[in-house]
Structures are given as structure tokens and as C-alpha cells.
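Colleague: Could you take a close look with me at one part of this model, the packing of two helices and what surrounds it? I'd love a connected walk through the contacts and the aromatic rings.

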Amino acid sequence: MIKILPIVFIALVSTVACNGQKTDVPMRSESEVSGATQNNAYRIVTSNPSDSIQIEKMLQEAKKLGNNDNIPLHFARNFIGLPYVAHTLDRSLEESLVVNTRELDCTTFVENVLALTVCKLRNMSSFHDFCSVLTTVRYTKDEVAYTARQHYFTQWIDDNIKDGIVEEIKLPEPPLSQKRKPYVDFMTTHVEAYKMLNGHREWVPAIAEMEKQVNQMEFWYVPKEKLRDSQQYKEYIHDGDIIGIVTNKKGLDISHVGFAVWHKDGLHLMDASSIHKKVVDESITMYQYLMKQKSSVGIRVVRIQGIR
């Protein structure tokens, strides 16, 4: 259930990554807002004071959308060309609800678009509303805490299904789909790669428990070899669906995320790309993209609730 946040403006700091790699991010002038849920009080940190204005502007413009317009892709296209920047959630050593519409990694790109889409579907139009939805999307039990942030995308999907934000789509029968049980331990075996976790080693046991929970899950995915003829999935995968790239990298479950976009030559990915250093609608097909990634196994697909 999404909760409305009381907000008061003040002033301060923000970070994220798609693959767990460590990068140095310069500090920027930012703004701080206070927020609260039933579970805790916390700071809302924006990359720029105009972030709240930008969010409300996009929500106002979305009121003009017609019945045939694709809502998630409409919002996603607002971010095309914006720079890819890793670790925008982790610049500080203390957890805040970070809102950054100017610098994105793959996960924050998906989260921003998802939160905007949910606001549109629920006739919510204020920055308060957006922050409420983003809190539910990013954290378990609406608790803004590092140990409650959904660091592994398998957990992110599971929790957002439980919250009624996204839904699992029914894939075709095997061999066009396969079941996979992930094994994750990357965060606890690479603590030094995570600035905030490295600064709070006392949080490691909670992250280890999170990893244990993920390792008890399983999911259906599309093997990448089957996407050579992606048209056979058009009935199942729709424009604006959320795609997670399943990986066999040791300790990880899903290495990259974005949105499904159909072109004449098949299924493509719209993503905040660390390769292109910006948000793009990939020019190559999903199959071609995955075949360039040796560690990629295939894709997992979920749909935003209320989108058909």
C-alpha cells in the first residue's frame, strides 16, 4: 500500500550501478527534503531542486495521453539521452530516498519510469505522490534503509509483485522458456565495492540474510538463443514490459534491466547504458545484444500492473 509523505524543503547530497562495479562519483550540489512513512522518518535527496518540478511537469503532461499511448514508454522516452552515472544512490554513507532525474543507471531509470507510470495510472500528480510510490518500489515494507533496499533484482521483482506494482507474465511452454534458481552472494563477497556497506560493516549480516532469501527463489526466463526469432514472443512480451537480463556471473542473478520495445526487426531494449554512457533505445535487437554478452543467459520479463 502506498503512503503519502509529508514534505518540507531544506538542503544536501546522492548514487547506483547496474553491475556491482565500483566507480568514483563526484559530489554535486543537491537538495534535501524530509519524508516519513509509518515505518520510519527519512531524508529525500534530490540531485537538483528542479527535480521535483520536472517530476510534476511530466505527470501533468501525461494527462494528455490517449488510450492507445504506451504509458511506460512515454515516460522512458523523456529520459533518452540523459547520462548514465553509476552509484547515484550511494554517494552518502547514510541511506536516503534519492530522486535524480538527471543522472541514471539501469535500475534508477526503471524505477523512475515505474513510479511515474504508477502515479499516472492512479491519478497521482504531485512530487509527494511520486516519492511515496518510489519508496514502495525501491524498498521492502516502505522502510528507507540500506538493508531494506532491494539490491538484487530478483528480490526487487518479488517484492513489487507482492505490493501489486508489477506482475509476472505467462511465458510460452518450454523449451521457449526455462526455470532458473539464482545463487547470489556478490555483495557479501565484495563488500569493498559498495561504499555505504563498506562504511557500515555491521550491515553485512542483514545483506547476507537478504541473499539467503533470494537464493530460495526461482523464476521463469527466456533463453537468449530462443530470441533469434523474437516474433514468437510478441504475444507474451509487450512494449513497456520490464526486462531483466539473467546472468551467469558468479554471485549475481540479473545484471542489467530496461524496457521492452518492439521494432520492425524484432524485440529491442531501452535502457540506461553503461556502454553508450546514456539512456538509449538500443539500435540492435535483444538477441544481438545478448549474444554480445557472454555472461548473459536470457531475459526475465514482468509487466507493470494496469498496463495491457
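**Around helices H1 and H3**

Modeller: Happy to! The crossing of H1 and H3 is right-handed, and please keep in mind that this is a predicted model. Helix H1 covers residues 51-61 and helix H3 covers residues 106-121; their axes lie 10 Å apart and make an angle of about 45°. The two helices are therefore oblique to each other.

Now for the side chains at that contact. H1 brings Ile55, Met58 and Leu59, and these meet Leu116, Cys119 and Lys120 of H3. By class, the residues of this contact divide into 5 nonpolar and 1 charged, with no polar residue.

Let's stay with H1 for a moment and turn to Asp51, which lies in this helix. With a relative accessibility of 0%, Asp51 counts as buried, because the limit for that is under 20%. Leaving aside residues up to four places away in sequence, Asp51 touches Thr46, Val99, Asn100, Thr101 and Arg102.

From H3, the aromatic rings are a good next stop. The structure holds 5 aromatic pairs. In one of them, Phe79 and Phe109 have ring centres 6.2 Å apart and planes at 85°, so this pair is edge-to-face. Distant parts of the chain are linked by the pair: Phe109 sits in helix H3, while Phe79 belongs to the loop between helix H2 (71-77) and strand S4 (97-99), and the two are 30 residues apart. Phe79 has a relative accessibility of 1% and so counts as buried. Phe109, at 0% relative accessibility, counts as buried too. Phe259 joins in as well: Phe79, Phe109 and Phe259 form one aromatic cluster.

For a second ring geometry, have a look at Phe153 and Trp156. Their ring centres are 4.4 Å apart and their planes are at 15°, so the pair is stacked. Both residues belong to helix H5 (residues 153-162), and being 3 residues apart there, they are separated by about one helical turn. Phe153 has a relative accessible area of 6% and is therefore buried. Trp156 counts as buried because its relative accessibility is 0%.

To pull the thread together: H3 meets H1 through residues that include Leu116 and Cys119, and H3 also holds Phe109 of the edge-to-face pair. At H1, Asp51 is a buried residue that has Arg102 among its contacts.

How values were computed: Residues numbered from 1 in each chain as written. Predicted model: local features only at pLDDT ≥ 70, side-chain atom pairs only at ≥ 80, totals over all residues. Heavy atoms only, no water. Axes fitted to C-alpha atoms, helices over the stretch in contact; angles between N-to-C directions. Helix = DSSP H or I, 4+ residues; strand = E, 2+ residues; numbered from the N terminus. Parallel < 35°, antiparallel > 145°, perpendicular 65-115°, else oblique. Left-handed = near helix turned anticlockwise from the far one by under 90°. Contact = heavy atoms within 4.5 Å. Nonpolar A, V, L, I, M, F, W, Y, C, P; charged D, E, K, R; others polar. Phe/Tyr/Trp six-rings, centres within 6.5 Å; stacked < 30°, edge-to-face > 60°. Buried < 20%, exposed > 50% of the residue type's maximum accessible area, 1.4 Å probe, protein only.
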